[in-house]
Amino acid sequence: MEVDCDVDQDLMAKFSSLGTTDREVLIMELQKLLDFQLNQSGCAFFLDMANWNLQAAIGAFYDFNCSNDKLPSMSFVRDVTIGEGESVPPNTAFVKTWRLQNTGTEKWPNGVFLKFTGGDQLGPVSSVTVQPLDPGECVDVSVNMFAPDRTGMFQGQWRMCTPTGSSYFGDVIWVILSVDVGGLLGVTQQLSHLGEEFGS
């Protein structure tokens, strides 16, 4: 059953104006408001759970159905850049890239994105849109980052999000960065980028 998680404001106005306490009337009104998606027993269940408050019952119905939507599946495959043992000099721009895979049986919806969720945020980027993947398909996801001005180890967590941003799915994605004065990776990436710009 498909459920639109955005409750129509006109719908809210219709049932907020109801003032009856007759349970049979409330059951019939809830059925009408939900376009008969529930039978009378189902309506009675949600109304009873909401202490026979029609507005609370319809909210509970949509909350229940939205929370049961199947989340996409995702697995972290590997670090493409900034892998174990690689380091970046302080105050250096670099690109962190992860390879992710849709390990589910359904295509990801449009609008999924990778979001910073905790730890060290290395730069101003906090989210990046990810293309919808078919089952089994992989994608490399890149984020422009900037190494801190001090040496040491830095860690940040990133998660895939549903288009509304209300739910995370799949593995936790990590950036684990070693910042070292002798680090070469950021410089190597910058030289590679310059080479592409000048066609060499």
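## Strand pairing, a surface patch and two loop residues

Alanine 93 stands opposite phenylalanine 146, a residue of strand β6. This pairing belongs to a predicted model, and the report below follows the sheet outward from that point before turning to the surface and to one loop.

The chain holds five helices and eight strands. Read from the N terminus, the elements follow the order α-α-α-α-β-β-β-β-β-β-β-β-α, so that four helices precede the eight strands and one helix comes after them. Of the 200 residues in the chain, 36% are buried. Among the contacts with a separation of 6 or more, 68% join residues that lie 24 or more positions apart. The accessible surface of the chain is about 11600 Å², and carbon and sulfur atoms account for 49% of that surface.

Three strands make up an open sheet in the order β1-β3-β6, and their pairing is antiparallel. Its edge strands are β1, residues 75-79, and β6, residues 138-146, each of which pairs on one side only. On average, neighbouring strands of this sheet are turned by 30° against each other when direction is ignored. In general, strands of a sheet pair through backbone hydrogen bonds, in either a parallel or an antiparallel manner.

Strand β3, which spans residues 93-101, is joined to β6 in the antiparallel sense over nine bridges, while the antiparallel pairing of β1 with β3 runs over four bridges. Tryptophan 98 appears in both pairings: aspartate 79 stands opposite this tryptophan in β3, and tryptophan 98 in turn stands opposite valine 141 in β6.

On the surface, Met153, Val172, Trp174 and Ile176 form a nonpolar patch whose accessible area comes to about 370 Å² together. Strand β8, residues 168-179, gives the most to this patch, with three residues. Valine 172 is found in strand β8, and this valine counts as partly exposed because its relative accessibility is 34%, a value between the cut-offs of 20% and 50%.

The loop between α3, residues 40-49, and α4, residues 54-67, contains asparagine 51, and tryptophan 52 lies in the loop between α3 and α4 as well. Most residues other than glycine have a negative phi. Asparagine 51, although not a glycine, has a positive phi of about 55°, and tryptophan 52, likewise a residue other than glycine, has a positive phi near 60°. How does each of these residues count, as buried or exposed? Asparagine 51 counts as exposed because its relative accessibility of 68% is over 50%, whereas tryptophan 52 counts as buried because its relative accessibility of 18% is under 20%.

The table sets out the relative accessibility of three residues discussed above.

| Residue | Relative accessibility | Class |
|---|---|---|
| Asparagine 51 | 68% | exposed |
| Tryptophan 52 | 18% | buried |
| Valine 172 | 34% | partly exposed |

Methods:
Residues numbered from 1 in each chain as written. Predicted model: local features only at pLDDT ≥ 70, side-chain atom pairs only at ≥ 80, totals over all residues. Heavy atoms only, no water. Buried < 20%, exposed > 50% of the residue type's maximum accessible area, 1.4 Å probe, protein only. Contact = heavy atoms within 4.5 Å. Areas by Shrake-Rupley, 256 points an atom, 1.4 Å probe, with all protein chains shown as cover. Pairing = 2+ DSSP bridges. Axes fitted to C-alpha atoms, helices over the stretch in contact; angles between N-to-C directions. Patch = residues over 30% accessible without salt bridge, like charges linked within 9 Å, V, L, I, M, F, W, Y side chains within 5 Å. Salt bridge = Lys/Arg side-chain N within 4 Å of Asp/Glu carboxyl O.
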